[in-house]
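The exercises below are meant to be worked with the sequence and the 3D view side by side. Try each task before reading its solution.

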Amino acid sequence: MDISEVSDSLFGAFAGIHALALPRTVVSPPFDGLLGVFYTKLVSMSPQDPAWFVAHADSAPGDVLDLCCGGGRTAVAFAAAGHRVTGVDLSPVQISAAEKRAAEHGVADSTTWLTADVVGLRLGRTFDTVVIGGLSLTLFDGPRRTALLEVVRRHLAPGGRVLLDHTPAQEDEPATEQNITLPLALGARRGFVLLGARRQPTHGVQLTNMYAEIIDADGRTERHLTGFRFRVDSSDGLVRELAGHGLVVRERHRDLQAPESAAPTPFPARELVVASA
Ligand SMILES: C[S@@+](CC[C@H](N)C(=O)[O-])C[C@H]1O[C@@H](n2cnc3c(N)ncnc32)[C@H](O)[C@@H]1O
């Protein structure tokens, strides 16, 4: 994602802050830099996702491809359950977090990490399970999304499963906007992150923005700003789209987020989809 796409996805107060062009403001791609580190920490506090994905793969140890693997929370859970995992992500920040996580969990030997664009990926082999989790599929639209679904199909072994999630539009769902503020601590530095989501189901889009201020021991403030766009599909629309790529939806599960989740997020309920060829 280039920086112009980031600025195009800013809304409300986030767009206002961007327009101020304050000193020491870093506008970065969404899963990179300081906000990438923050994102990885935030989602790793949500332990339900990896468990769900692992539970819906074949229980026999096999080969797993995690596309847009981020900091490796799902890939490492698969490796800990005995699978051999290849994780692919565009962001070096995310891949180094994934490598660290694999080492910490003692699964470095059964994991392979690639820093690459998943669009157009050709690994020349197939996998028993192909995962696109953490709403990653919904980051893609248009020809890149079509190309990504071709990548999924190309890497799926006969009889294999595809596991993915999205936040489907509900019938008559109104547009919403939510903002939450979360504390941020990185070493001696302290600050906050303002996390916002503007969801417009009738337009099929959710904008997610993050703004951080972090103050070092000398009182200097650094600002970080990012934003991205999720595509919001209907549940049936996604089923039809996958069918167009030869993928048949076998199961759909709603509402992954457990009420006791330690990670508050302004994201609506998710649907988790199991498909196969
Ligand atoms: C919403 S995060 C989800 C990460 C991870 N799957 C999880 O559940 O924690 C999306 C990830 O997709 C990665 N990503 C976005 N576009 C990509 C692309 N074209 N190729 C590879 N990775 C990409 C980002 O770097 C980020 O780590």
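**Exercise 1.** In what order do the strands of the open sheet of seven strands lie, and is the pairing mixed or not?

*Solution.* Begin with the ground rules: this is a predicted model, in which local features need pLDDT of at least 70 and side-chain atom pairs count only at pLDDT 80 or more, while totals for chains, interfaces and linings use all residues. Residues are numbered from 1 along each chain as its sequence is written. Helices (H or I, at least four residues) and strands (E, at least two) are DSSP runs numbered from the N terminus, and two strands pair if DSSP finds at least two bridges between them. With these terms, the order reads E4-E3-E2-E5-E6-E12-E11, and the pairing is mixed. The edges are E4 (111-115) and E11 (248-254), each of which pairs on one side only.

**Exercise 2.** Describe how strand E2 is joined to strand E3.

*Solution.* Strand E2 (residues 63-67) and strand E3 (residues 84-89) run parallel and are joined by five bridges. One residue pair to locate in the view is Asp63 with its bridge partner in E3, Arg84.

**Exercise 3.** Which residues have the most contacts inside the largest nonpolar core?

*Solution.* A nonpolar core is a set of buried Ala, Val, Leu, Ile, Met, Phe, Trp, Tyr and Cys residues joined through C-beta atoms within 7 Å; buried means that 20 or more other C-beta atoms lie within 10 Å of the residue's own, with C-beta atoms placed from the backbone. The largest such core has 57 residues, and those with the most contacts inside it are Leu67, Phe78, Val130, Val131, Val152, Val162 and Ala212. At least three residues of this core come from each of domain 1 (3-30 + 170-231) and domain 2 (42-168 + 233-276), bounds that come from an automatic or database domain assignment. Taking contact as C-beta atoms within 7 Å, Val152 touches Val130, Ile132 and Val162 once neighbours within four places in sequence are left aside. A second, separate core of six residues includes Leu135, Leu139, Ala169 and Val232.

**Exercise 4.** How many residues of domain 1 are in contact with domain 2, and which elements contribute?

*Solution.* The C-alpha centres of domain 1 and domain 2 lie 24 Å apart. Ten residues of domain 1 are in contact with ten residues of domain 2. On the side of domain 1 that touches domain 2, the elements giving two or more residues are strand E7 (176-186), strand E8 (189-200) and strand E10 (221-231).

Key:
Buried ≥ 20, exposed ≤ 12 C-beta atoms within 10 Å, placed from the backbone. Contact = placed C-beta atoms within 7 Å.
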